[in-house]
Amino acid sequence: MPDFLVGDKLLLVAHGEVIAGVDLGQLKTDDVFVKGDAVHIRLPAPQVLTTRIDNGRSRIYSRTTGLLVSADLNLESQVRLAAEQQITQAALSDGILGKARQNARTSVTALLYGLGFHTVDVQ
């Protein structure tokens, strides 16, 4: 049957943010090697920590429901979930995990130098 009779469509333009980082709580004892004033640390893999849709900037631009069906009450939630997944995938494609790894390496390196280590290797 044609959509104008039985379809239910929603057009959402979503804005959001993805935060990625390194969870230092996942460090294991064999990831850290200290010898005198030198330290070597192997960081855990970066990961997406959170993705959120900015509801203040996201908008439903249109919704059409067929003449012979009632509106699906879960459709907007399903579309928002799909948008969140697409925002995450776009961030991954844009290299967010590499950026998170580099930011973590920079921050941990600065911290370790600040703690008095003279040789710091963060991987």
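A residue counts as buried when its relative accessible area is under 20%, as exposed when that area is over 50%, and as partly exposed in between. Thr88, with a relative accessible area of 17%, is therefore buried. The model described here is a predicted one, and the points below take up its strands, its nonpolar cores, its salt bridges, some individual contacts and a patch on its surface.

**Strand pairing**

- Strand E3, which covers residues 32–35, runs antiparallel to strand E4, which covers residues 38–41, and four bridges join the two.
- Within this pairing, Val32 has Ile41 in E4 as its bridge partner.
- E3 and E4 together form a hairpin that leaves two residues between the strands, and in its turn Gly36 has a positive phi of about 65 degrees.
- E4 is also joined to E7, again by four bridges, but here the two strands run parallel.
- In that parallel pairing, Ala38 stands opposite Thr119 in E7.
- E7 has two faces that differ in cover: Val120 and Val122 form the covered face, whereas Thr119 and Asp121 form the uncovered one.
- As background to this pattern, side chains in a regular strand alternate between the two faces of the sheet.

**Nonpolar cores**

- The largest nonpolar core has 10 residues in all, namely Val22, Val39, Ile41, Leu43, Ala104, Val108, Leu112, Phe117, Val120 and Val122.
- Two or more residues of this core come from each of E4, helix H3 (96–114) and strand E7 (119–122).
- H3 provides the largest share of the core, which amounts to three residues.
- One of the core residues, Ala104, touches Val22 and Leu43 when residues up to four places away in sequence are not counted.
- Another core, of nine residues, lies apart from this one, and its members include Leu12, Val18, Leu75 and Ala91.
- Such groupings fit a wider tendency, since nonpolar side chains in soluble globular proteins tend to be buried together.

**Salt bridges**

- A search of the whole structure finds four salt bridges, and three of them are described in the points that follow.
- Arg52 and Glu17 meet through their side chains in a salt bridge, with a distance of 3.2 Å from N to O.
- This pair links distant parts of the chain, since Arg52 belongs to strand E5 (residues 47–53) and Glu17 to strand E2 (residues 16–21), and the two are 35 residues apart.
- Arg52 is partly exposed because its relative accessible area is 40%, and Glu17 likewise counts as partly exposed, at 37% relative accessibility.
- Asp31 and Arg42 also meet through their side chains in a salt bridge, with a distance of 3.1 Å from N to O.
- Here too the pair links distant parts of the chain, as Asp31 is in the loop between E2 and E3 while Arg42 is in the loop between E4 and E5, 11 residues apart.
- The two partners fall into separate classes of exposure: Asp31 is buried, with a relative accessible area of 10%, whereas Arg42 is partly exposed, at 41% relative accessibility.
- Asp94 forms a salt bridge with Lys99, in which the closest N and O atoms are 3.7 Å apart.
- Asp94 counts as exposed because its relative accessibility is 54%, while Lys99, at 47%, counts as partly exposed.

**Contacts of two helix residues**

- Thr88, the buried residue of the opening lines, lies in helix H2, which covers residues 75–93.
- When its neighbours within four places in sequence are left aside, Thr88 is in contact with Val18, Val48 and Thr51.
- Leu97 has its place in helix H3, and at 29% relative accessibility this residue counts as partly exposed.
- Leaving aside neighbours within four places in sequence, Leu97 is in contact with Ala20, Pro46, Gln47, Val48 and Leu92.
- Leu97 and Val22 are 75 residues apart along the chain, yet their C-alpha atoms are separated by 9.1 Å.

**Nonpolar surface patch**

- Leu11, Val13 and Tyr61 form a nonpolar patch on the surface, and together they have about 300 Å² of accessible area.
- Of these residues, Val13 is found in strand E1, which covers residues 8–13, and counts as partly exposed because its relative accessibility is 36%.

Notes: Residues are numbered from 1 along each chain as its sequence is written. This is a predicted model: local features need pLDDT of at least 70, side-chain atom pairs count only at pLDDT 80 or more; totals for chains, interfaces and linings use all residues. Side-chain values use heavy atoms; hydrogens and water are left out. Patches are made of residues with over 30% relative accessible area and no salt bridge: like charges are joined within 9 Å, nonpolar side chains (Val, Leu, Ile, Met, Phe, Trp, Tyr) within 5 Å. Accessible areas come from the Shrake-Rupley method with a 1.4 Å probe; for residues, only the protein chains shown count as cover. Buried means under 20% relative accessible area, exposed over 50%, partly exposed in between (1.4 Å probe, protein chains only). Two strands pair if DSSP finds at least two bridges between them. A nonpolar core is a set of buried Ala, Val, Leu, Ile, Met, Phe, Trp, Tyr and Cys residues joined through side-chain atoms within 4.5 Å. Contact means heavy atoms within 4.5 Å.
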